[in-house]
Amino acid sequence: MFDSLADLSTKLSATGYFIDPVMVQVVFLAAKLKKPLLLEGPAGSGKTQLALSVAAAAATHVERLQCYRGVTESQAIGSFDEGLQRLYMEFSKSQHESWQILQASLKGRDFFRAGPLMRALECERPCVLLIDELDKVDDGFEAMLLEILSAWQLSIPEFGTVEARSIPFVVLTSNEERRLGDPIRRRSLYVRVEHPTPQRESEIIASRTPNANAEFHREMAGIALSFRNYSLEKPPSVSEMIDFANALQLLGADHVTEEHRDVLLPFLAKTEKDRRHLLLREGFKSLLDDGARFAQKMAVEGGPHS
């Protein structure tokens with residue numbers, strides 16, 4: 001998918017996704033060795049965005065399996081379209097020599113509606129297969145993935161074995177609601193993903209708000225750090241901080257003040273408990289003060305765009 005480390009780094013940066021040099025090397029090796037990448041860490045730390053950015057950098061598309069409690073193998077792999085089968089039977093009653101021939105026709109690819117796993121294997125050129133929030137499914141569903149992640153094929157009852165036309169770049173993400181099994185871990189390159197450092201977050205926000213100045217970018221990164229250190233039920237993600245920065249720009253503000261509190265709380269307080277904490281007289285102000293101190297520290301230490 002990528003010719004060299006420099007090629008990957010340049011193309012990822014062009015998408016607005018900034019990672020450290022070690023992570024660039026891990027992504028490059030995963031692509032070259034055709035190994036799944038297992039990203040584990042808190043929600044909102046950029047795991048899903050990495051998969052989307054790799055796809056954009058490689059000029060390919062994403063096949064996404066969004067995991068949730070109750071998702072079925074049929075939704076992941078695909079299933080026969082029974083309505084289409086019945087319609088075909090109705091209009092071809094007299095066109096087949098025997099029931100066996102008709103039955104065999106009904107089990108063909110034309111009647112199978114592929115899910116994201118099968119679509120990823122059928123791509124003529126490699127895509128990115130994102131299996132998002134794998135920790136939300138049970139052990140049985142997780143075990144179903146082992147065949148595709150090791151043999152690059154799917155064995156489907158009544159249909160047969162689907163072998164990969166191209167091998168996708170696989171990204172597995174987990175928010176750690178439960179521990180993933182060792183078989184998945186053995187097949188993957190494991191990476192722990194945390195929220196970015198303030199310096200890195202300042203770079204990310206700068207790429208999304210290019211019209212703002214460096215002081216504004218540092219302030220946003222400082223506020224992000226202070227909010228995450230405040231023990232909120234739902235700490236702000238990188239994407240929420242980008243929304244927060246864009247909201248300030250739309251309001252014509254280049255600095256956060258206490259007067260902005262009520263209109264900006266919907267961007268950062270996503271539970272009633274967090275909202276009440278931030279509505280306390282000193283709650284919001286103290287976080288802004290902490291954010292300002294972090295920003296000043298970055299400027300002194302020679303942070304991005306200082």
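Helix axes are lines fitted to C-alpha atoms over the stretch in contact, and their angles run from 0 to 180 degrees between N-to-C directions. The exercises below use a predicted model.

**Exercise 1. How are α1 and α2 placed relative to each other, and which residues meet?**

Solution.
- Step 1: Find the helices. Helix α1 covers residues 5-14 and helix α2 covers residues 21-33.
- Step 2: Take the axes. They come within 10 Å and cross at roughly 115°.
- Step 3: Apply the cut-off. Angles of 65 to 115 degrees count as roughly perpendicular, and α1 and α2 are therefore roughly perpendicular to each other.
- Step 4: Give the hand. This crossing of α1 and α2 is right-handed.
- Step 5: List the partners. From α1 come L5, L8 and S9; from α2 come V24, Q25, V27 and F28.
- Step 6: Sort them by class. The contact of α1 with α2 has 5 nonpolar, 2 polar and no charged residues.

**Exercise 2. Is Q25 buried, partly exposed or exposed?**

Solution.
- Step 1: Locate Q25. Helix α2 holds this residue.
- Step 2: Read its relative accessible area, which is 40%.
- Step 3: Compare with the limits. Buried means under 20% and exposed means over 50%. Q25 is therefore partly exposed, at 40%.
- Step 4: Add a distance. Q25 and L52 are 27 residues apart in sequence, and their C-alpha atoms are 17 Å apart in space.

**Exercise 3. Where does E201 lie, and what does E201 touch?**

Solution.
- Step 1: Locate E201. Its place is in helix α11, residues 198-208.
- Step 2: Check exposure. The relative accessible area of E201 is 1%, so E201 is buried.
- Step 3: List the contacts. Not counting residues up to four places away in sequence, E201 touches P196, A221, A224, R228, V238 and M241.
- Step 4: Look at the helix pair. The axes of α11 and α13 (residues 238-250) come within 10 Å and cross at roughly 50°. That makes α11 oblique to α13.
- Step 5: Give the hand. α11 and α13 make a right-handed crossing.
- Step 6: Name the residues that meet. E201, I204, I205 and R208 in α11 face contacts with V238, M241, I242, A245 and N246 in α13.
- Step 7: Sort them. The contact of α11 with α13 divides into 6 nonpolar, 1 polar and 2 charged residues.

**Exercise 4. Which residues touch the most other members of the largest nonpolar core?**

Solution.
- Step 1: Note the size. The largest nonpolar core has 34 residues.
- Step 2: Name the residues. L117, I131, L134, F141, L145, L154 and L172 touch the most other members.
- Step 3: Find the sources. Elements giving two or more residues include α4 (73-77), β4 (112-114), α7 (116-122) and β5 (128-132).
- Step 4: Pick the top contributor. α7 gives the most, with 4 residues.
- Step 5: Follow one member. Leaving aside neighbours within four places in sequence, I131 is in contact with L65, C67, L117, L145, V170, V171, L172 and T173.
- Step 6: Look beyond. Another core lies apart, with 26 residues, among them M220, I242, A253 and L278.

**Exercise 5. What is the sign of phi at A59 and at E133: positive or negative?**

Solution.
- Step 1: Recall the background. Most residues other than glycine have a negative phi.
- Step 2: Take A59. Its phi is positive, about 55°, although A59 is not a glycine.
- Step 3: Place A59. The loop between α3 (47-57) and β2 (62-66) holds A59. A59 is exposed, with a relative accessible area of 59%.
- Step 4: Take E133. Its phi is positive too, about 60°, and E133 is not a glycine.
- Step 5: Place E133. It lies in the loop between β5 and α8.

Methods. Residues are numbered from 1 along each chain as its sequence is written. This is a predicted model: local features need pLDDT of at least 70, side-chain atom pairs count only at pLDDT 80 or more; totals for chains, interfaces and linings use all residues. Side-chain values use heavy atoms; hydrogens and water are left out. Buried means under 20% relative accessible area, exposed over 50%, partly exposed in between (1.4 Å probe, protein chains only). Contact means heavy atoms within 4.5 Å. A nonpolar core is a set of buried Ala, Val, Leu, Ile, Met, Phe, Trp, Tyr and Cys residues joined through side-chain atoms within 4.5 Å. Angles under 35 degrees count as roughly parallel, over 145 as roughly antiparallel, 65 to 115 as roughly perpendicular and the rest as oblique. A crossing is left-handed if the near helix is turned anticlockwise from the far one by less than a right angle, and right-handed if clockwise. Ala, Val, Leu, Ile, Met, Phe, Trp, Tyr, Cys and Pro count as nonpolar, Asp, Glu, Lys and Arg as charged, and the others, Gly among them, as polar.
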